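Visitor: I would like to learn how to read a structure like this one, feature by feature. Where do we start?

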Amino acid sequence: MNLHAVLAVVLILAVPLIPAEVRDEIHLQWSICDPNPHIVLQKLGEDSRGGPKKQNPITYFDTDPPVYLQQGRMFRTKRSHHEDLSVVKVRFVEETSDIPDTVNCVWDRYGDQTFFTCEMRSPLNDDDDDDGMSLWNDEQVRFAERYGDIVWEELVAFGPFLNAKWKLHLEGFKAVFDDVVVQSHHLMEIEIKVSTLEGDGVYHVVTKYLREHGLELCDDQESKTLRLFQVLGYRIEPALVVASHDLRWKVKALDLAAVGVV
């Protein structure tokens, strides 16, 4: 059965929940392909001698070879604000209301691609293991499985990798510059959070600013997760996003019509 058929089955079986609160926010992201963060900071006129503001470990999870990333589902553990967290993300091609109300959703932009990305976080306990289902609470499991089956015991940990972060101001906007170090590679990214109404304007202004300062923007503007697996030697096609809300209801409507319900 091909992926589209699998998604159709999943969508027919899915039960709608209360829509999540959607934040009027877009995360503008630029993938940077300079050799290392010190060069980037120098080009931007920043002092890199003091080191990053934060440097915490991050671990990514998927099968080996990766499968779920290509379906728009991502799993990781990381430290944020002195707290260890597990994170489940699902990426959609467009806005959807088929999301639990406990999930936080925003827009993500890489180059010309914009995604609707929803995530659920959970604190990690000291006795949580780095495998199987122990890292993910029941709500996270239900959220991830809403969009397809998952063999949790087959998830493999990739990492931990050090994730350094610097705070910047670019053209009057607060930005975060972060660097995930994988082997000898620096997977660098700049992120600015603005309202969706500001998104296009800010993206073009900041892109121009980065180019004028000589930053090497990656030819393929892609997420760090996708780039990480490519660096590790996996052939990853552009991430397949799970089907949109409209497709979900179209498929369900066709199914109901077929059995004479509508």
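Guide: We start with burial in helix α5, in what is a predicted model. The buried residues of α5 are Lys224, Thr225, Leu226, Arg227, Leu228 and Phe229.

Visitor: What does that say about helix α5 (residues 224–231) as a whole?

Guide: Burial is read from relative accessible area, with under 20% counting as buried. In α5, 6 of the 8 residues meet that condition, so the helix is largely enclosed by the rest of the structure. As general background, an α-helix has 3.6 residues a turn, so residues three or four places apart point the same way.

Visitor: Which residue just after α5 takes a positive phi?

Guide: Glycine 233 does, with a phi of about 100°.

Visitor: Now the strands. How many residues of strand β4 (residues 83–92) are buried?

Guide: The count is 8 of the 10, so β4 is largely enclosed by the rest of the structure. Its pairing can be read bridge by bridge. Strand β3 (residues 73–80) runs antiparallel to β4 and is joined to it by 8 bridges. One of the pairs sets threonine 77 against serine 86 in β4.

Visitor: How many residues lie between β3 and β4 in their hairpin?

Guide: There are 2, and histidine 81 in that turn has a positive phi of about 50°. Strand β4 also pairs with β6, again antiparallel, through 8 bridges. Here valine 87 has arginine 121 of β6 as its bridge partner.

Visitor: Which strand is joined to β6 by 7 bridges?

Guide: That is β5, which runs antiparallel to strand β6 (residues 113–123). Asparagine 104 is matched with glutamate 119 in β6. The two strands form a hairpin with 2 residues between them, and glycine 111 in the turn has a positive phi of about 60°. As for burial, 6 of the 7 residues of strand β5 (residues 104–110) are buried, so this strand too is largely enclosed by the rest of the structure.

Visitor: Is aspartate 98 buried or exposed?

Guide: Its relative accessibility is 4%, so aspartate 98 counts as buried. The residue sits in the loop between β4 and β5. A C-alpha separation can then be set beside the distance along the chain: aspartate 98 and arginine 146 are 48 residues apart in sequence, and their C-alpha atoms are separated by 9.4 Å.

Visitor: What joins strand β7 (residues 156–170) to β8?

Guide: The two run antiparallel and are joined by 8 bridges. Tryptophan 166 has phenylalanine 177 of β8 as its bridge partner. Phenylalanine 177 is in turn paired with isoleucine 190 in β9. Strand β9 (residues 185–194) is antiparallel to β8, with 7 bridges between them.

Visitor: Which residues take a positive phi in the hairpins of β7 with β8 and of β8 with β9?

Guide: In the β7 and β8 hairpin, glutamate 171 takes a positive phi near 55°, with 2 residues between the strands. In the β8 and β9 hairpin, glutamine 183 takes a positive phi near 55°, and there are 2 residues between the strands.

Visitor: Last, the surface. Which residues form a positive surface patch?

Guide: The patch is made of Lys53, Lys54, Lys167 and Lys174. Lysine 174 belongs to strand β8 (residues 173–182).

Visitor: Why does lysine 174 count as exposed?

Guide: The cut-off for exposed is over 50%. Lysine 174 has 67% relative accessibility, so it counts as exposed.

Key: Residues numbered from 1 in each chain as written. Predicted model: local features only at pLDDT ≥ 70, side-chain atom pairs only at ≥ 80, totals over all residues. Heavy atoms only, no water. Buried < 20%, exposed > 50% of the residue type's maximum accessible area, 1.4 Å probe, protein only. Helix = DSSP H or I, 4+ residues; strand = E, 2+ residues; numbered from the N terminus. Patch = residues over 30% accessible without salt bridge, like charges linked within 9 Å, V, L, I, M, F, W, Y side chains within 5 Å. Areas by Shrake-Rupley, 256 points an atom, 1.4 Å probe, with all protein chains shown as cover. Salt bridge = Lys/Arg side-chain N within 4 Å of Asp/Glu carboxyl O. Lys, Arg positive; Asp, Glu negative; His and termini not counted. Charge placed at Lys NZ, Arg CZ, Asp CG, Glu CD. Pairing = 2+ DSSP bridges.
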